[in-house]
Amino acid sequence: MNRTTLSLIAGTAALAAVTGFATLNQPEPAGQDTARAAAELPVERTSLLCPSPSTSDLAETSYTSFTPVTKGTAATGTAELTAAAGDAAAPTDTASGKTGDKAGDKKSGKPGDKTSGGTGDKASGKKKAAKPVVAPKTPGTPAVGVTTGGDAPALLGTAEGKFAPGWTVQETTEIVAGSGRGLQGLTCTAPDTEFWFPGASTSADRTDYVHLTNPDDSAAVVDVELYGKGGALASTVGEDITVPPHSSEPILLSTLTPEKQEDLTVHVNVRSGRLGAAVQALDAKLGGDWLASSAEPAATQVIPGIPKDATAVRLVAYAPGDADADLKVQLASTSGLITPAGHETLHVKAGMTTSVDLGDVTRGEAGSLILTPTDHATPVVAAVRVLRGKGDKQESAFIPAAGPVGARASAADNAAKTAALSLTAPKGAAKVRVTASAGSGGGTSVSQTYTVKAGTTLEVRPPVPAGLKGTFALTVEPLTATPVYAARTLTVTQEGVSGFTIQTLPDDRGTVAVPQVDEDIAVLQR
């Protein structure tokens with residue numbers, strides 16, 4: 001092999017190392033598309049992290065793992081979720097019936113076992129690998145694991161081969177009473193080095209935790225910064241937080257600052273290593289939900305999927321740079337773009353969190369907020385808190401600003417009558433194909449195509465698989481070049497109160513651009 005070829009393969013290997021996803025496959029024959037700089041190939045490995053869902057003894061949590069069918073993938077592969085080190089009971093895989101053992105069980109080899117040779121075994125000093133849970137059998141069919149009580153673990157997930165492209169895991173928890181009651185949902189996150197959470201709080205009625213999960217073999221070091229209406233909140237305990245390998249740490253925000261503020265922006269900045277991060281917001285009166293990270297700071301932000309029956313919407317924004325941001329606020333309704341009366345613009349001071357109550361801004365029509373700069377483009381992050389119901393039957397959920405669907409995105413854990421899908425096309429009309437997968441217990445996949453008018457939000461009851469048994473996944477694929485944003489709402493009624501949770505659907509990053517090897521060799525050898 002000549003030196004040029006070796007150098008090129010080394011470069012491709014470096015790309016794989018940096019992205020964690022790159023695939024080195026045989027490129028297409030030369031001449032098929034010589035103008036293209038890179039080929040889009042399926043990723044070979046994906047990591048996802050799910051925080052511990054609840055400490056309530058009344059909690060029931062389901063984990064749903066799903067990979068859409070992708071052309072060109074490897075013939076084999078695996079997708080596994082395992083309990084983080086030191087965490088307790090793993091969920092039951094409803095497909096296999098296997099259940100993770102309790103911590104300290106002397107027969108299990110789990111943490112706390114001093115006799116069996118598992119983790120913490122003083123006799124042998126050997127470390128026994130955690131048993132995988134929620135392991136799907138085939139792409140295109142969800143796998144579900146269920147656990148009850150307050151000792152459900154954080155989960156560390158890895159998908160390889162045919163299960164890697166577009167892999168998604170949904171964590172959904174039902175709590176019938178107490179602080180944070182209702183329905184809490186989260187799309188498990190990929191490890192990263194920076195996260196923004198506008199919409200957190202340290203007010204008297206709120207108990208907010210930021211969960212930090214480390215998937216790697218070495219400890220991660222992280223700073224958790226809080227920004228309120230007057231700027232950064234003083235805190236020394238939020239700096240240099242160490243998260244041990246393969247573990248998860250929930251940090252109560254009120255322990256980082258003595259200040260009580262209704263609206264905060266949490267910035268998670270990883271100094272060393274990688275983490276998954278999410279904020280769990282529990283309200284004594286209004287239920288609770290997970291607050292996922294906002295899309296990266298940008299001058300324009302889209303917050304999709306505000307339900308038509310929202311009784312109150314609170315917008316929270318933060319400008320992380322040195323310049324103030326002046327934003328035009330618009331609602332993409334079912335009929336077009338409108339400007340909320342009295343809230344035409346929002347001024348966000350640099351380094352400060354700004355919030356505004358928009359009331360029942362949707363007025364009986366599903367909508368999405370579009371934030372754009374009025375003059376100079378200043379990056380911001382944003383989210384909304386949504387309330388449904390009235391009086392003592394109110395419930396809350398959060399929607400962060402999201403990226404577009406891109407090529408494809410999926411949302412798992414849907415049931416026939418509990419799911420609603422919101423599609424938004426701010427810049428132009430779009431056609432979108434929505435595919436409902438086979439059910440976790442049986443059924444046949446079905447697809448339907450929708451047209452979203454320019455500047456509108458379309459809310460639909462998604463198609464349901466024929467002969468459905470169990471839950472199913474939704475996969476959204478734009479068929480036109482116009483950017484499309486999407487969100488899925490799950491609703492469950494408990495004792496007359498409608499608990500709900502909303503997840504956005506950004507691009508699943510199921511492919512990676514890999515240089516065309518044959519063309520690059522030809523150029524280098526000239």
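The following paragraphs go from the whole chain to two groups of strands and one long-range contact.

This is a predicted model, in which local features need pLDDT of at least 70 and side-chain atom pairs count only at pLDDT 80 or more, while totals for chains, interfaces and linings use all residues. Residues are numbered from 1 along each chain as its sequence is written, and side-chain values use heavy atoms, with hydrogens and water left out.

The chain holds 38 strands and 2 helices; these are DSSP runs numbered from the N terminus, with helices being H or I of at least four residues and strands E of at least two. Of its 526 residues, 52% are buried, where buried means under 20% relative accessible area, exposed over 50% and partly exposed in between, with a 1.4 Å probe and protein chains only. About 22,100 Å² is exposed by the chain, and carbon and sulfur atoms supply 52% of that area; the areas come from the Shrake-Rupley method with a 1.4 Å probe. Among contacts with a separation of 6 or more, 79% are between residues 24 or more positions apart, a contact being heavy atoms within 4.5 Å.

Strands of a sheet pair through backbone hydrogen bonds, either parallel or antiparallel. One open sheet here has 4 strands in the order β15-β11-β17-β18, with antiparallel pairing; two strands pair if DSSP finds at least two bridges between them. Because β15 (247-252) and β18 (287-291) stand at the edges with a single partner strand each, one side of each has no neighbour in the sheet. On average, neighbouring strands of this sheet are turned by 20° against each other, direction ignored; the axes are lines fitted to C-alpha atoms, and angles run from 0 to 180 degrees between N-to-C directions. The antiparallel pairing of β17 (residues 276-283) with β18 extends over 5 bridges, and glutamine 280 stands opposite tryptophan 290 in β18.

Strand β30 (residues 430-436) has 5 of its 7 residues buried, so the rest of the structure largely encloses it. β30 runs antiparallel to β32 (residues 446-452), joined by 7 bridges, with alanine 436 partnered by valine 446. β30 also runs antiparallel to β35 (residues 472-478), joined by 5 bridges, and there threonine 435 has threonine 475 as its bridge partner.

Threonine 46 belongs to strand β2 (residues 45-50) and counts as buried because its relative accessibility is 11%. Alanine 164 is 118 residues away along the chain, yet the two C-alpha atoms are separated by 5.3 Å. A polar atom of the threonine 46 side chain lies 2.9 Å from the backbone oxygen of alanine 164.

Methods
Polar contact = N/O pair within 3.5 Å; in protein donor to acceptor, adjacent residues only side chain to side chain.
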